[in-house]
Amino acid sequence: MPRIPGSSTRRNAELGLLLFAMVIVAIFAATVEASQLDTLTSSFWVPPALLGILFVGLHFVVRFTAAHADPILIPTVALINGLGVAFLRRLDLGRAIVLKEPIPGVFGGTGGKQLMWTLLALILASVLLLVVRDHKVVSRYAYTLGLIGIVLVMLPAVLPASISEINGARLWIKVGGVSIQPGEFAKLALVSFFAYYLVRKREVLSLASRRFLGIDFPRGRDLGPVVTVWLLSLLVLVFEKDLGTALLYFGLFVVTLYVATERASWLIIGLVMFFGGVYVAYLLGASVGGPFANFYDRASVWLDPFNSEFYYREFGSSFQLVQGLLGLGTGGMFGTGPGSGSPLLVPEVRTDFIFAGMGEEIGLFGLSALLICYLLIVERGLRAALGVRDSFGKLVAGGLAFTLGLQVFVILGGITGLIPLTGQTTPFLSAGGSSLMANWLLVAMLLRISDAARRPATGGPAAQPTGPKQPPVQLHGAMTEVIKP
Amino acid sequence: MNAPLRKAGVVILVLFGLLFANLNWVQAYKADDYRTSDYNGRVQVAEYEVPRGVIEAGKQPLAQSKATDGALKYLRVYPEKELYAPVIGYKPVNIGEVGIERSENDFLSGASDKLLADRISAMFTGEQPGGGNVVLSLIPKAQEVAWKQLTKNKSGATKGSAVAIDPRTGAIQAMVSMPSFDPNPLASHDNKAATAAYNELDKDKDKPLLNRATSENYPPGSVMKVIMASLALKNGYQQDTAIPASASYTAPGAGKPIKNAAPSVCPEAQVTLKQALTESCNTGFARLGVKLGGDKVKQEAQEWGFEQDDLSIGNLKGGGLPVAASRMGEMQNPDGSTDQAALAQSSIGQNEVRMTSVLGAMMAATVANGGQQMRPHLVKQLLSADRRAIYNANPETLRTPISDDVASDLKDMMVSVVENGTGTQARIDGFEVGGKTGTAENGEGEDPHGWFIGFAFDDKGQPVSAVCVMMERVPAAHGSSEAARIGGLIMKAAAGGGGD
């Protein structure tokens, strides 16, 4: 029986899901206009259609460069990305109406900008897929990437505050009218470096160790470079006052270490260090103040946001958190419907608090669906890690997927009052080019690795040479160190 | 490496499970709390979508809503500023409302069940009906006179209150509290300015936010003698029954003698009951109280409305301005027997006796109304947005402390107070006026409070108004006669006899 091209790779399913996602985005956009403008303009369908074309473009790039890639990833990410664009457009409309300004065009306002960023992000992702045909190639540049990662993280800290500071956090580079957040990209570079280094050292790390308090500690020289890079980035982030990102890198480091060494002790050490650090910072904030006061404020605001003392104070107020919660509560189970809520009452609703803004309009059911989409992306990423046969790929995919999940948890947990609030973007949803581009690059990397994972041992576009079964491809240049007593 | 990867997957599942559970907590369990939170601007925006109803009295708007350009579409304005503020209260944006604005909030905002029909018809017509209107029983002329005379009193008092009631219906004709406040800044849409205005008023040591007519009680002094006279009449005394008096009286066990206001007041050994009231004879009523006993005195005060904790003045179906209870206080020795000294003091409205201005006016009204105490109310009518009457106050009797005969005797005696006694300042042309003054000691070295309660009958013999005027810590002497003068003018205005 002749094989239908694309049937085993599930690319057609991907295309179908993608179009389905765009239909949802179009319905969202139509509902927004109906309730905000009391009419449907002739152009409500333009952003969803354009997005559809862009995503289908990426779909074709995948079809030709990574035919076996996971078919779930692009449609789910596209759905979130599309809803983000549509919701930002909704905020533009609401703002224009309140300020009695003309309604921005399809390419105007934050929504239009986000559309442009999506285009750019998809181009970057396509380039990555076209250039990097085998994810193992990345390991060749591991040290370079590690260095780039550090530089990206450090850059805003060394630049003058005038071009790097927004709202007290020094995370940006503002050039002209555009501000980019280099740290977003550092995630990818650092994961690659950690993965490469840990794969090379994993045997040493798991075997050559000193036992202390029942926990195996590796020798300093084995762990040195990783710890150095990691500590550097943490220090810089603390200096830049971005605790959320610092937390992400911490999680990233601990998890890759755990996966590489297969030792649960790393998780325990990590968690103890983390919670111990947090508690000490809280105590220091309460007694000493100074650099820890900011953290103490956040923690106390989190514990009792509705306290009027916290609500009405000028700095470190719980105003934003409370307004976010009130928005979510007002939405309730079913939401007010797209375009019918008052998300503009929530500060920073375009960026950090976009989830609260959407929550008012799509309700608990809508947000749960969104949450499941994120979960799908993360678990599909982990599945790629499970499936891929080389250690480097496993660590990169696992690290990236876990970091993405952790980021979603940190920001959504902060907004919903589950954990103290730290400023983070909501991946694919928040307004902002850096986050969108970096996260699409992340998805492209996952696509690449999932392609390797799902590719049949024989056949397929990048077929193995025929003949006897090849030994598993060894990581480039990766030698296992011999342990010398 | 697959085992730890799988575990990482489980960790993510757990984290997302936590997110999901917390989202349920926020959006399902706590949703109503958040939706209606005072911090929630959406509540306010929705509340200000339709115009809040008008509060009016005598065709005069006292609180109304003005359209604005802002996010909150209507601004609450109070054209009469401080004049009605203690009664109407105010409707602030950021915190709860106060006064009639509070008790009739549902009706004014249009959320009341009484306006259900309006809301249903609005669903079909597509028009927002707005809130209902509240018509108060206040008579603007009487209110203005009360405020003007109280604030410009000749005794130099800076705090006080006045209440006028229609004795036949219980409708409040005037209610002022001094000092007062301008509610307009409190209703400002600028939250910061509104909070600042509130904080300033709240911190003011003169407590302008207080409605002194309803929420404060003070020693009533000689006003208490009306209740003592009633008690005597019920116990077989007549107006002309001779009761023991004298220049000075020391109750059994008392350290200090009770004296009269002046040596010329009832120095004789015996005076008639009527004379005792007319001249406000302290020794006579103190002896009377001791003779009749503490239980009877307490009982009598209670029959007149003392010790009532749940009185409120609004509409007769419930709600309104809560009225503080008036108290007789303790008159007992530790062993349970009556403390004669305290009883003697309490019988002339001293010791621990405390009375509100509202009850003072109700007492005078009871006498004027033949013994029936009508339930006081402020809300005369509730009108829908298109001014259909939804509720009309239907006067009801609250209690009947005295019979018609006792009422008639008390009326005669109180008229005598105004004709020949301490209350002559209250006289008004063309009306038969009765009343009782009171000067209440208020602790060592403090200026006394000046009281007057009274009533007026028109030329047809109908009781048209009853009043209570109370001035705190009157520096000049004769505070009570100034209170009587103001009381007379208020009643004249309430009866339609013009002001000033």
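**Figure 1. An open sheet of five strands in chain B of the predicted model.** In this predicted model, five strands of chain B form an open sheet in which the order is β6-β5-β19-β18-β17 and the pairing is antiparallel. The edges of the sheet are taken by β6 and by β17 (432–440) of chain B, each of which pairs on one side only. Averaged over the sheet and with direction ignored, neighbouring strands are turned by 10 degrees against each other. Towards one edge, β17(B) is joined to strand β18 (residues 449–457) of chain B by nine bridges in the antiparallel sense, and within this pairing Thr439(B) stands opposite Gly450(B) of β18(B).

**Figure 2. Strand β5 of chain B and its two partners.** Strand β5 of chain B covers residues 159–165, and seven of its seven residues are buried, so that the strand is mostly covered. As a general point, the side chains of a regular strand alternate between the two faces of the sheet. In β5(B), Lys159(B), Ser161(B), Val163(B) and Ile165(B) point one way, while Gly160(B), Ala162(B) and Ala164(B) point the other way, and all of them are buried. Seven bridges connect β5(B) with strand β19 (residues 463–472) of chain B, the two strands running antiparallel, and the partner of Lys159(B) in β19(B) is Glu472(B). Another six bridges connect β5(B) with strand β6 (residues 172–178) of chain B, again in an antiparallel arrangement, and here Ile165(B) is placed opposite Ile172(B). The hairpin formed by β5(B) and β6(B) has six residues between its strands, and in this hairpin Gly170(B) adopts a positive phi near 85 degrees.

**Figure 3. Two helices of chain B that lie across strands of the sheet.** Helix α8 of chain B, made up of residues 140–151, lies across β5, β6 and β19 of chain B, and its direction is at about 30 degrees to β6(B). Helix α16 of chain B, made up of residues 404–420, lies across β17 and β18 of chain B, and its direction is at about 75 degrees to β17(B).

**Figure 4. The surroundings of Val418(B) in helix α16 of chain B.** Val418(B) belongs to helix α16 of chain B, and it is buried because its relative accessible area is 0%, where the limit for a buried residue is under 20%. When neighbours within four places in sequence are left aside, the residues in contact with Val418(B) are Gly423(B), Thr424(B), Ala426(B), Arg427(B), Val433(B), Gly434(B), Gly435(B) and Phe452(B). Val418(B) and Gly454(B) are separated by 36 residues in sequence, and their C-alpha atoms are 8.9 Å apart in space.

**Figure 5. Helix α12 of chain B and its packing against helix α14 of chain B.** Helix α12 of chain B (residues 282–292) is largely enclosed by the rest of the structure, because nine of its 11 residues are buried. The buried residues include Asn282(B), Thr283(B), Phe285(B), Leu288(B) and Leu292(B). After α12(B) comes Gly293(B), which has a positive phi near 100 degrees. The axes of α12(B) and of helix α14 (residues 340–347) of chain B are 8 Å apart and make an angle of about 130 degrees, and the two helices are therefore oblique to each other. The crossing of α12(B) with α14(B) is right-handed. On the side of α12(B), Phe285(B), Ala286(B), Gly289(B) and Val290(B) take part in the contact, and they meet Gln340(B), Leu343(B), Ala344(B) and Ser347(B) of α14(B). Sorted by class, this contact between α12(B) and α14(B) has five nonpolar, three polar and no charged residues.

**Figure 6. Chain A and the packing of its helices α3 and α14.** Chain A has 16 helices and six strands, and 55% of its 485 residues count as buried. Helix α3 (residues 73–98) and helix α14 (residues 354–387) of chain A pack with their axes 9 Å apart and at an angle of about 160 degrees, and they are therefore roughly antiparallel to each other. The crossing of α3(A) with α14(A) is left-handed. Among the residues that make the contact are Leu73(A), Ile80(A), Phe87(A) and Arg90(A) of α3(A), together with Ile354(A), Met358(A), Glu361(A), Tyr374(A) and Arg380(A) of α14(A). By class, the contact of α3(A) with α14(A) has 14 nonpolar, two polar and three charged residues.

Conventions. Residues numbered from 1 in each chain as written. Chains lettered and ligands numbered in written order. Predicted model: local features only at pLDDT ≥ 70, side-chain atom pairs only at ≥ 80, totals over all residues. Heavy atoms only, no water. Buried < 20%, exposed > 50% of the residue type's maximum accessible area, 1.4 Å probe, protein only. Helix = DSSP H or I, 4+ residues; strand = E, 2+ residues; numbered from the N terminus. Pairing = 2+ DSSP bridges. Axes fitted to C-alpha atoms, helices over the stretch in contact; angles between N-to-C directions. Parallel < 35°, antiparallel > 145°, perpendicular 65-115°, else oblique. Left-handed = near helix turned anticlockwise from the far one by under 90°. Contact = heavy atoms within 4.5 Å. Nonpolar A, V, L, I, M, F, W, Y, C, P; charged D, E, K, R; others polar.
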